[in-house]
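Here is a friendly walk through one protein chain. Have a look at the sequence and the model, then read on.

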Amino acid sequence: MKNYLFLLAIGLVTMGKAQTGTIKGVVNDKQSESPLMGATIELLNTTDAKGVVTDENGRFSLNAVPTGRQVIRISYIGYESYTVPNIEVTTGKDVFLNIGLTEAFEQLEEVVLTSNTNKDQPLNKMSTVSTRQFGLEEVTRFSGGRSDAGRLAANFAGVSSPDDSRNDIVVRGNSPTGLLWRLEGIPIPSPNHFGTAGTNGGPVSALNPNMLKNSDFLTSAFAAEYGNALGGVFDLGFRNGNTDDYEYTLQSGIFTGLEAMGEGPLGKKNGSFLVAIRYSLIGLLGVGAGGTSAAPNYTDLSFNVNFGRGNLGMLSLFGILGSSDIDFLGDDIDPDDLFAAEDENTFVKSRFGVVGLKHQINIGDNSYLRSIVSTSFSGNDFKVDRFVNIDTPQESTIRYTLADESENRLTFSTLFNSKLNNKSTLRMGVLAENFSVESLLQDRTEQPDTDGDGNPDLFTFRNIDENVLLVQPFVQAQFRLTENLTLNAGLHSQYSSLNDQFALEPRAAMTYQVAPSHTLNLGYGLHQQQLPLPILFLNENVNGNLIQTNKELDFVRSNHFVLGYDVKLAQNWRGKLEVYYQDIDKAGVESFPSSYSTLTEGADFGFDNDRVSLINEGTGYNRGIELTLERFFNKGYYGLLTGSFFQSKYTGSDGVERNTPFNNEYVVNLLAGREFKVGKTRKNILFLDTRLTTSGGRYYTPVNLQASQQFGFEVLEDGLAFSEQFDPYFRWDFKFGLKINSSKKKRSHQFYVDLQNVTANENIFTRRYNRLTNQVDQVNQIGFFPDFGYKFQF
């Protein structure tokens with residue numbers, strides 16, 4: 001901390017002369033993605049008028065731009081003009097923008113003066129409802145976010161994060177397993193360190209936010225190109241590196257770790273490279289963080305190599321490679337550790353990676369074909385050694401749990417997009433994924449002692465080597481029926497080779513601009529998802545034979561209905577209201593009367609391993625209303641208020657309607673930030689950000705203490721499943737820092753301190769049976785935790 005304050009003092013002393021930055025980018029037709037030559041780019045809100053036009057490749061470079069937040073306007077004959085606000089210009093790095101213009105509904109011979117801003121519009125033109133665009137600046141700006149795109153999404157309406165220790169995303173009451181992660185247009189495994197098979201979250205994200213370009217987050221009624229998901233979609237993309245200059249970034253932070261990134265031009269066809277590597281700082285320091293005293297180690301490498309545009313189109317290579325490990329040693333574990341116990345040694349290793357090759361070629365002036373082939377892998381090794389008769393002369397150690405899970409995925413995607421005219425666009429394609437799954441799970445929990453050695457038997461719940469093919473064709477189109485009415489409609493289908501399931505899913509969404517500042521949205525979609533593979537491949541002992549009795553389960557099905565109203569309250573103010581309903585059926589439940597449903601799985605590191613012979617007769621629903629009031633960053637400050645009020649219910653095979661564990665009932669977030677220009681030339685920035693969040697407590701199943709004491713392991717009151725609720729959750733985060741632009745060279749510095757859970761509020765993590773004390777203990781979530789970091793760009 002002393003070194004940090006020393007560097008901060010040096011930065012304040014060295015503030016000097018004004019320096020400028022550069023805004024670069026590409027301007028395309030939004031529907032066809034063809035470059036627009038001759039588009040005009042103007043720098044607004046400055047005393048000196050600046051402007052450039054795009055070249056034959058749609059590229060532009062706006063130089064000598066004053067540092068700070070800037071606004072540009074892009075105009076082109078016959079197209080709606082487009083305004084991009086809140087562009088953060090520094091001396092250390094060029095800004096690169098990808099801009100899509102929409103052709104005017106009626107062909108005109110002059111520039112259309114309609115001005116749109118990018119913040120409230122999705123990148124995917126086929127997504128018109130329940131979609132939010134976000135970018136690097138937001139991921140790194142918000143306090144308490146740990147530079148994690150998943151935690152950023154928890155600030156949006158309709159989204160909640162179950163706990164402080166994992167970044168699982170609950171969308172409108174759906175399980176986190178209902179979320180689809182996509183990178184560059186292809187599905188990928190959960191991009192998190194310490195992830196486990198079938199889950200979608202983890203303690204630390206493996207996604208480097210410095211690699212991301214503006215991306216979309218969808219919460220309902222997805223367009224037809226998205227499939228095998230019920231809850232939400234993260235549609236992410238990597239930005240290209242600088243095509244003109246070499247640039248570098250060095251960065252450190254408690255959760256993001258130590259990072260080095262480089263980018264620059266490649267070849268003679270406007271190609272570029274971008275590569276970044278990170279390593280855990282807390283692992284190097286040998287200290288625990290995030291709810292445990294054990295020291296985690298994790299590293300990840302991300303890259304995007306663009307070979308430029310040639311006669312055969314554009315080719316790029318992208319990927320992420322990550323690994324992590326942590327050892328929980330019982331002698332060093334605190335009683336309130338979130339992840340481990342005092343009578344066990346636990347060893348965890350995980351791995352994640354994706355590498356893809358993307359090709360895009362224009363077909364005529366208004367069409368393109370984009371194809372991607374990729375391979376990805378994810379896996380984890382989990383070993384638990386338990387001390388028997390601990391602290392006695394008879395103490396011994398036995399292997400209690402062994403899990404070795406791996407999934408290798410080969411993916412091929414091809415998409416054809418054609419702008420038929422200025423009123424209609426057609427898009428069709430197919431996605432094929434081949435999953436190679438190897439899974440071994442052995443555990444002694446709740447097992448009998450049939451061999452008489454005094455210990456529960458080590459039962460094999462899974463031991464498989466399987467291949468599953470999932471194919472998803474789709475077709476969709478956009479029709480601008482009038483200047484104010486747009487219709488998106490499509491059909492998605494999917495086939496699984498596991499049990500020859502086939503599904504058809506119609507999708508439709510409509511946007512109607514009632515008045516210049518008022519828009520109505522209406523959406524419907526049928527969505528189906530394959531159950532997590534750890535559930536499908538569970539073994540059941542049938543007459544001495546181990547049989548996978550869940551293997552024939554169908555897709556879970558959900559009908560999405562959404563109605564939205566969007567209003568621009570003022571130039572930089574936006575209000576939004578959405579009402580939604582999801583009707584879910586064909587969930588997995590037990591064949592006898594029971595409270596269990598697969599809709600309750602997915603908010604932990606694993607799944608129930610004794611739920612076998614399931615049938616597709618479970619139901620559920622999610623309904624709610626969401627409110628958003630947003631003040632876009634302008635004149636030095638921004639604000640965001642979101643409120644979600646909802647119900648999430650399910651019904652098991654016993655016919656009783658219950659709360660899901662994701663039914664917080666309400667989530668409210670308030671975020672605000674302020675920037676102050678400081679220094680002699682007022683080109684350096686002092687920034688403050690704060691976040692308040694509160695939500696209803698999670699519902700949970702109480703422990704049957706008497707039965708737990710009798711059997712020596714936790715026994716829950718299944719008849720009272722999710723009948724009790726934790727106290728409401730509250731957290732306040734506060735972040736401040738300084739951005740320093742060099743007066744002489746192309747470089748910039750940024751320092752920040754992020755005070756998480758400032759009030760040290762004791763939010764409940766869980767209530768669980770402690771086999772050492774024979775009592776039910778309450779374990780609280782992470783208390784006050786200070787994070788700090790430094791970024792140097794040059």
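How many helices and strands are there in the chain? There are six helices and 46 strands. Helices (H or I, at least four residues) and strands (E, at least two) are DSSP runs, numbered from the N terminus.

## Before we start

This is a predicted model, where local features need pLDDT of at least 70, side-chain atom pairs count only at pLDDT 80 or more, and totals for chains, interfaces and linings use all residues. Residues are numbered from 1 along each chain as its sequence is written, and side-chain values use heavy atoms, with hydrogens and water left out.

## The whole chain

Let's begin with the overall shape. The C-alpha trace spans about 85 × 60 × 45 Å along its principal axes. The chain has a radius of gyration of 27 Å, which agrees with a compact globule because one with 794 residues would have a value near 28 Å. That radius is taken over C-alpha atoms, and the globule rule is 2.2 Å times the number of residues to the power 0.38.

Of the 794 residues, 58% are buried. Buried means under 20% relative accessible area, exposed over 50%, and partly exposed in between (1.4 Å probe, protein chains only). As for contacts (heavy atoms within 4.5 Å), take those between residues at least 6 apart in sequence: 65% of them join residues at least 24 apart.

## Hollow spaces

Rolling a probe the size of a water molecule over the atoms shows where empty space is left. Here that search turns up nine cavities of 30 Å³ or more. On a 1 Å grid over the protein atoms alone, a cavity is a set of points where a 1.4 Å probe fits but cannot get out, and lining residues have an atom within 4 Å of a point. Grid points are joined across faces, edges and corners, and a volume is the space filled by probe spheres set on the points.

The largest cavity holds about 730 Å³ of space. It is lined by 44 residues, and the closest to its centre are Gly 198, Thr 199, Asn 200, Glu 407 and Arg 409. By class, the lining has 17 nonpolar, 20 polar and seven charged residues. Ala, Val, Leu, Ile, Met, Phe, Trp, Tyr, Cys and Pro count as nonpolar, Asp, Glu, Lys and Arg as charged, and the others, Gly among them, as polar. Elements that each supply at least two lining residues include S12 (179-183), S25 (396-421) and helix H5 (533-536). Strand S26 gives the largest share, five residues.

## Leu 533

Helix H5 contains Leu 533. Is Leu 533 buried or exposed? Leu 533 counts as buried, because its relative accessibility is 12%. Leaving out residues up to four places away in sequence, Leu 533 touches Glu 407 and Val 437. Its C-alpha atom is 6.4 Å from that of Gly 198, although the two residues are 335 apart along the chain.

## Strands side by side

Two strands pair if DSSP finds at least two bridges between them. One open sheet has five strands in the order S9-S16-S17-S12-S13, with mixed pairing. Its edge strands, S9 (131-134) and S13 (186-187), each pair on one side only. S12 and S17 (residues 232-236) run parallel over five bridges, and Trp 181 stands opposite Phe 234 in S17.

Elsewhere, S42 (residues 729-741) and S43 (residues 748-756) are antiparallel and joined by eight bridges. They make a hairpin with six residues between them. S43 is also antiparallel to S46 (residues 785-793), with nine bridges. His 749 in S43 stands opposite Ile 740, and the bridge partner of His 749 in S46 is Phe 792.

Notes: On a 1 Å grid over the protein atoms alone, a cavity is a set of points where a 1.4 Å probe fits but cannot get out, and a pocket is an open set with protein on both sides within 12 Å along at least five of seven lines; lining residues have an atom within 4 Å of a point.
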